[in-house]
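Hi,

Here is the structure I said I would pass on. Have a look at it first, and then read on for what turned up.

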Amino acid sequence: MLTIQDLAKTYADGTQALAGLTLSLAPGEIVAVVGGSGCGKTTLLRLVAGLDAATAGLIRLDGATIAGPHPGLGLVFQEPRLLPWLSIAENVGFGLADRPAAERRTRVARALARVGLADHAGRWPRELSGGQQQRVAIARAFVADPRVLLLDEPFSALDAVTREDLHRHLLALWAETRPTIVLVTHDVAEAAALADRVVVMRPHPGRIHRTVAVEAPRSGDAVAHLRTSRVLRALLDESLAPSARRAALAV
Amino acid sequence: MSAGAASPLLASGAGGAAPATMELDHSWRRHAGRAGGRLVLGVLIPLALALGWELAIRSGLAQGRLLPPPSRILGTLLALAQSGDLRLHVQATLLRVALGFVAGAGAGILVGALTGTLPVARHLLDPSLQALRAVPSLAWVPLFILWLGILETPKVVLIAVGVFFPVYVGVSGAIASVDRKLVEVGRIFRLSRLALARRILLPAVLPGTLVALRTGLGLGFLFVVAAELMGASEGLGYLLVDGQQFGKPDQILAAILAFAGLGKLADGLLVLATRPLLRWQDVSRGVL
Ligand SMILES: Nc1ncnc2c1ncn2[C@@H]1O[C@H](COP(=O)(O)OP(=O)(O)OP(=O)(O)O)[C@@H](O)[C@H]1O
Ligand SMILES: [Mg+2]
């Protein structure tokens, strides 16, 4: 159980990125966070991941307060951020340095197979395409079985076909240990397809505007998804400036 | 790619392994051919000049007293080699460069790592070091001689000082420019400070450090000449002084040739020895 209570973040330059954000996630739940650019989505994930300190508020994982990076929490950045001097397999196993070598090997092999990159284990990151690198980053976050996974627009740089492919990989990984997932995305259809619940944020200061339950997540129920997508799009448009709204409608 | 080259690949379908390797082989050969062509182009002018000068002297058009013909320079070099003198001088010079390089580069890496990672050390040391760096290293020579005499110590110290600064600047700069995004990957996986240094900082600064070491080595050869010019009884620099005093331009040019060869060789060895460390890099293929 991940609970976020009255979370606020004001940056050193006075920017109020978040104010009074409260959200709680059940174990195994997938929550998508959508909202316009600059409304504090990345800030939220960085605070939960323990990379930055909150100005006010509390983050708890199963009752224990989080202050700093936590072993039960994994984060996938918007860019792959692979270490260029490590092979693909070594990148995936980066967080397993304290495990026995045999366990490390089997876990890495399984995670790579799950994202469809089993035969790329020995290659360098530079030899992989952008989508493949992003899959490696997802495998790296999943490999230690975190209880909570934070994903910051992990698919935004990819084309639609690759993106759907990665959705399948993500759900396959999720099905194994059912971690709680917070997925930040700009893509309403993606949110409706993957999440149990969609949180719509608004900027200045960043806060939750609405929460929408997805009626039939991941069931392939096209009508339900369409309904959810429409609701979300309407909400999102309402929270955007007129010019951004036009752009959003064009999507 | 030309249609002629592509068609056997298309026609052979699944059994296309042999044409594919042939294709590779061809492109490799073409590549090697191009590199060879560049090499020929590069030596064309010096070779033509050398040959022209040789012919001019042989035909009596020029005297060659101050600029001896290439054949005489090579002859002098050969004679030096046969008498064992060349080995003696090369050894002396190499030993000085090696000692000075190890001391200067070691200190540069150490201090650079210190100021790169600890803000206190940076605020404390960097301003003074930058001020010292602004002093041309040769300006220290009189002081070194006064303090350390005229034997080996001042020579090695001068080389070490010359090597220190580029290595220091390179290493501290490399550390300062390590990608914050990769450091955050280390933080997400809760690496200790030591593990962060070993697993993220060290590999990230390696390319910059090796470039700094190459620059340092080049300066080491620069300063060994200066050190040997200030008085030595052996070493390639001594050959230069000796050649000047006794009017032997062929010996001077032979020593210069030896310097060129040694410098290039040392640099090549450094690159070769460190190449396995940089296999992962996305750049610098086919340099050297
Ligand atoms: N390090 C920082 N210092 C000062 N202000 C910052 C910093 N990081 C973010 N901000 C500000 O905080 C606000 C929220 O930024 P954040 O990156 O969380 O937005 P976001 O919702 O992730 O946007 P996007 O969808 O474009 O990624 C923005 O107004 C941004 O300018
Ligand atoms: Mg963001």
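Start with E176(A) and R114(A): in this predicted model, the two form a salt bridge, with the closest N and O atoms 2.6 Å apart. If you want a place to put your cursor, that pair is a good one, as it takes us to the contact between two parts of chain A.

Those parts are domain 1, which covers 2-72 + 148-250, and domain 2, which covers 82-145. Notice that domain 1 comes in two stretches of chain A. How many salt bridges does the rule find across the interface of the two domains? Just one. Polar contacts come to three residue pairs there, counting pairs with both residues at pLDDT 80 or more.

Which elements give two or more residues to the domain 1 side of this interface? They are β7 (148-152) and α5 (160-177) of chain A. Of these, α5(A) gives the most, with nine residues. By class, the domain 1 side that touches domain 2 has 12 nonpolar residues, three polar ones and one charged one.

As for the extent of it, 16 residues of domain 1 are in contact with 12 residues of domain 2. Together the two domains of chain A bury about 1200 Å² between them, and 73% of that is on carbon and sulfur atoms.

Now for the other interface, the one between chain B and chain A. Here the contact takes 20 residues from chain B and 21 residues from chain A. About 2100 Å² is buried between the two chains, with carbon and sulfur atoms giving 67% of it.

The salt bridges between chain B and chain A number three. One of them joins the side chains of K181(B) and E79(A), at 3.8 Å from N to O. On top of that, the rule finds eight residue pairs in polar contact across this interface, again with both residues at pLDDT 80 or more.

On the chain B side, the elements that give two or more residues to the contact with chain A are α8 (180-188) and α9 (193-229). It is α8(B) that gives the most, with eight residues. What is the make-up of that side by class? The side of chain B that touches chain A has nine nonpolar, two polar and nine charged residues.

Shout if anything is unclear.

Cheers

Methods. Residues numbered from 1 in each chain as written. Chains lettered and ligands numbered in written order. Predicted model: local features only at pLDDT ≥ 70, side-chain atom pairs only at ≥ 80, totals over all residues. Heavy atoms only, no water. Domains from an automatic or database assignment. Contact = heavy atoms within 4.5 Å. Buried area = accessible area lost by both parts, 1.4 Å probe. Salt bridge = Lys/Arg side-chain N within 4 Å of Asp/Glu carboxyl O. Polar contact = N/O pair within 3.5 Å; in protein donor to acceptor, adjacent residues only side chain to side chain. Helix = DSSP H or I, 4+ residues; strand = E, 2+ residues; numbered from the N terminus. Nonpolar A, V, L, I, M, F, W, Y, C, P; charged D, E, K, R; others polar.
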